[in-house]
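User: Could you take a close look at one part of this model for me? I would like a friendly walk through a single contact region.

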2 protein chains.
Amino acid sequence: MDRFDIAVIGTGPAGISAAITAKIRNKNVLLLGSRELSAKISKAHRIDNYTGLPAVSGAELAERLRAHLDNVGVEITDKQVGAVYTMGDYFALQCGEEMLEATAVIVATGIVQAKPLDGEDRLLGRGVSYCATCDARLYKGKAVAVLGYSADSAEEAEFLSEIVDSVLYIPMNDVFPQERPNIRVVREKPLAILGDRSVTALKTDGGEYEIACVFVLRDAVMPDKLISGVETDGPHIKVDLQMRTNIRGLFACGDVAGKPYQYIKAAGQGNIAALSAIGYLNEIKKEV
Amino acid sequence: MDRFDIAVIGTGPAGISAAITAKIRNKNVLLLGSRELSAKISKAHRIDNYTGLPAVSGAELAERLRAHLDNVGVEITDKQVGAVYTMGDYFALQCGEEMLEATAVIVATGIVQAKPLDGEDRLLGRGVSYCATCDARLYKGKAVAVLGYSADSAEEAEFLSEIVDSVLYIPMNDVFPQERPNIRVVREKPLAILGDRSVTALKTDGGEYEIACVFVLRDAVMPDKLISGVETDGPHIKVDLQMRTNIRGLFACGDVAGKPYQYIKAAGQGNIAALSAIGYLNEIKKEV
């Protein structure tokens, strides 16, 4: 397997900026995230303080970021990272059933705006999953629920419906899965995930549904669930001024690295993270 | 006198970004620096990693920053700050003979690339000056030297020549003062500033010149000479992730706040500094 120099997780301004700086310094870069970029960018009505681009619309900024990636020759790999494992002198990134490797990792996943559901933390890995492609097979022939927060949740529900028995789909945005006999869409508010040792039901403001798994498909997951051992402060990864985390070779930038939540701040931190990651690559080259 | 909410010192990407964010949050902003912006920007041949503006020339980036300032309605006040004084609940900024006031200050002055000359630190304030408009009168009728590093050094030498007896001008860039009977331009390398209790001569690789003052006109001065009591680390002001310094109400961003020296990083930090300054304004409003 190819080992990338630097894997960047996230396609908001922070991740894109990091990938651009790493690429123009001739690093072998893996940029993981949605090809639609961060939904938050495109949806922004108008951004007044992206320095150098006065009164830019979210859609235009997204277009410019995409054009910049094209210009330097970075492609987006549209895969969701389920977990990052620290392997000593490299990192393994679990993307569905695939494992990818990189010497350094830059986390630019944004932040989870929502509070976890009642029962979500407690039952994570025991019927609560953040990744349909990773865990679908575990629920073959069973009933599952999908809480569709992210732009591609609907698509993931369709994928799930081909493997599991039935999908209860709760849309948390405006995207719906195609009509299929075993997908049921209900517009209710999820209240709690129930179960003692593993998930048994989802409770909503409309009732209780017996299911074996709840797929909570947000755009971002809590960083300490993504990377075991990373030091966090609430929803943020702790970084220093050089965007270093407590794990050597792992860097963070953008919203996940703390407030303020601003596009130009994210882009600036992405640049710092990339240069720090390059510094790290040079360091470990000397150590070998 | 008007007291500004926020004074921003420096017109590189950090200072401009700070001023833009502060202005769109309806703060009363004073942006101090050269109308030509930071010379370093305009002179950059091509910048590949200013996220969103692929392969932008320095001149074009400067034009875009200027257009953004126009767009939000921030004017550049073309004055050089000689010193910043901490006055308790506000700051006083000495600009020549004028004193300006601001509740919060953002330092975005860039960094001094050059090492100080032999004798420069020792004789600062005793014949070594960084500000022609501030100190010209002290040398009325005397011979002075100007080391012209910054873009407007030549102009300052012309101003000096109207007050002092004679000006020895050493150009450190490509800009020269107008021909005047009492300005002598010599293309020599300055080696040391001589004098026991005060400056008596300038030593160059071409000889020794008896003078009463050496005006060292760089684009930036060392931050601890600009702001007494600010905590520094070499040429950098120490900041935290929110761009706070050890002095309450004083923030720093861009090159002066540490490496890497990158345009997009500077713009990002300017944004953070502005939001932190606004937070500070809200805090002290509550305290009153």
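User: Into which domains is chain A divided, and what does the contact between them look like?

Analyst: Happy to help! This is a predicted model, in which local features need pLDDT of at least 70, side-chain atom pairs count only at pLDDT 80 or more, and totals for chains, interfaces and linings use all residues. Residues are numbered from 1 along each chain as its sequence is written, chains are lettered from A and ligands numbered from 1 in the order in which they are written, and side-chain values use heavy atoms, leaving out hydrogens and water.

Chain A splits into domain 1 (3-112 + 220-287) and domain 2 (128-217); these bounds come from an automatic or database domain assignment. Their C-alpha centres are 28 Å apart. In the contact (heavy atoms within 4.5 Å), domain 1 of chain A supplies 6 residues and domain 2 of chain A supplies 5.

About 630 Å² is buried between the two domains, with carbon and sulfur atoms giving 53% of that. Buried area here is the accessible area (1.4 Å probe) that two parts lose on being put together, summed over both. On the domain 1 side, Gln80(A), Gly96(A) and Glu97(A) lose the most area, together 54% of what that side buries.

Glu97(A) also takes part in a salt bridge with Arg137(A), at 3.1 Å from N to O. The rule (a side-chain nitrogen of Lys or Arg within 4 Å of a carboxyl oxygen of Asp or Glu) finds 1 salt bridge across this interface.
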